[in-house]
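This report describes selected features of the structure shown below. It begins with a single loop residue and then turns to a sheet and its helices.

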Amino acid sequence: MELIGIIVLVFIIIALLMYNISIHKKVQTFSNINQKINSLNVLQDFMNAIGQNNSVDEKLRNINDILLEKYNIKYSSIVVFNGAEYILKATNVDEKHWETLKNLHTEEIFKNSIATATNKYITIEKETERLPYQKMEFARAKSAMFLPLYIDNVYIGYWIIESGQMHAFDNLDTTIIDVIKENIVSVLKTVTYQNTIENIVRKDKFTGLLSAEYLYGKGKHAIDKYTTSTVCMFRITNLEEINENYSRKTGNETLIKVSNLVKSSISSDYIFVRYMGPKFVIIFSGVEPEAVVEFLKDMKHNLEEIQIPYELQKKTKNKKEIMVSPKLNFVLSTYYKGTGMEGVTKKLEDYIDKSSKEESKINYI
């Protein structure tokens, strides 16, 4: 009987072990599924941050905030190399430490990490120690993970997470961290075009107006506060003629006087840019085309009343003053929030370039 009891007990123990193993696998499976769901939720938050109507820097700051909140990270900093310098794009670290964070690529402990595209984890072992890159603090960070960022095998900067505890990242799931890192890289890759557009905006030296690129970056953020807006393009149709028949100086003076009169005529809430050459664009944010037609008729009349003096030097050495006036062609269209501004401006440009130089009506297309 004792033998039978022992055998039964062994079977019970084996059954319990198998049950525990089964439960452990189920818990592990649930944990993995939960991690995947959390990662998908974070990725969705990232996509929402990218889709927001704000600047590249604001998008990156929002993403950094998501990392801090969702993964309970003490400190998180994203540093991007733009080809000329390292720029701290997002951080929750006190400003007095920013210079240190922007120069981590010069630290010996991280150079190999950058060269080999591998993560680097460091921590102190005693309270009296400090991390190698810390120059002016002891208590802020006691462990850190440095993660170099690459786009298509091209180094673009790094992400560093820090903790005020020793060995804080010993049991950190590196798989999740790598997924987050790839998401950061995807975000940086996605916003590269927007960043380029924002950085190539220039101010025209004659009129003081911003260039057309402003419409597709920061300007669009302001315009998209409204559901619809009116886009107006106008062209000084006789500018080439003024340059050729009179002088380039007279043409430049025409540009200046036209732009100054427009600037003084429209609200500061509207956007006015020099689109290209003799073409300009006004965005009447949140205004329907019907509401601006009469205003534009009056403004067109006033613009064509401008007189720019040109002194003609006659053979008798007497000077004869000639007055030059601009001629303008206006065309309007509606812009809808969230659509491509470049599509609207290209449509207007094609129309106005093909129009007769004698066209005087304000057209809507």
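## A loop residue

Is D94 buried, partly exposed or exposed? In this predicted model, D94 has a relative accessible area of 48%. D94 is therefore partly exposed, because this value falls between the limits of 20% for buried and 50% for exposed.

D94 is located in the loop that connects β2 (86-91) and α3 (98-102). Its C-alpha lies 9.9 Å from that of Y75, and the two residues are separated by 19 positions in sequence.

## The open sheet

An open sheet with mixed pairing is formed by 6 strands, in the order β6-β8-β9-β7-β12-β13. Its edges are β6 (210-211) and β13 (362-364), each of which pairs on one side only.

Within this sheet, β8 (residues 271-276) is antiparallel to β9 (residues 279-284), and 5 bridges join the two strands. F272 has I282 of β9 as its bridge partner.

## Helices α9 and α10

Helix α10 (residues 293-303) lies across four strands of the sheet, namely β7 (228-236), β9, β12 (328-336) and β13. Relative to β12, α10 runs at about 150°.

Helix α9 (residues 248-265) also packs against α10: their axes come within 10 Å and cross at roughly 145°. The crossing is right-handed. On the α9 side, the contact involves V258, L261, V262 and S265; on the α10 side, it involves F295, M299, N302 and L303. By class, this contact comprises 6 nonpolar and 2 polar residues, with no charged residues.

Note on methods. Residues numbered from 1 in each chain as written. Predicted model: local features only at pLDDT ≥ 70, side-chain atom pairs only at ≥ 80, totals over all residues. Heavy atoms only, no water. Pairing = 2+ DSSP bridges. Contact = heavy atoms within 4.5 Å. Axes fitted to C-alpha atoms, helices over the stretch in contact; angles between N-to-C directions. Left-handed = near helix turned anticlockwise from the far one by under 90°. Nonpolar A, V, L, I, M, F, W, Y, C, P; charged D, E, K, R; others polar. Buried < 20%, exposed > 50% of the residue type's maximum accessible area, 1.4 Å probe, protein only.
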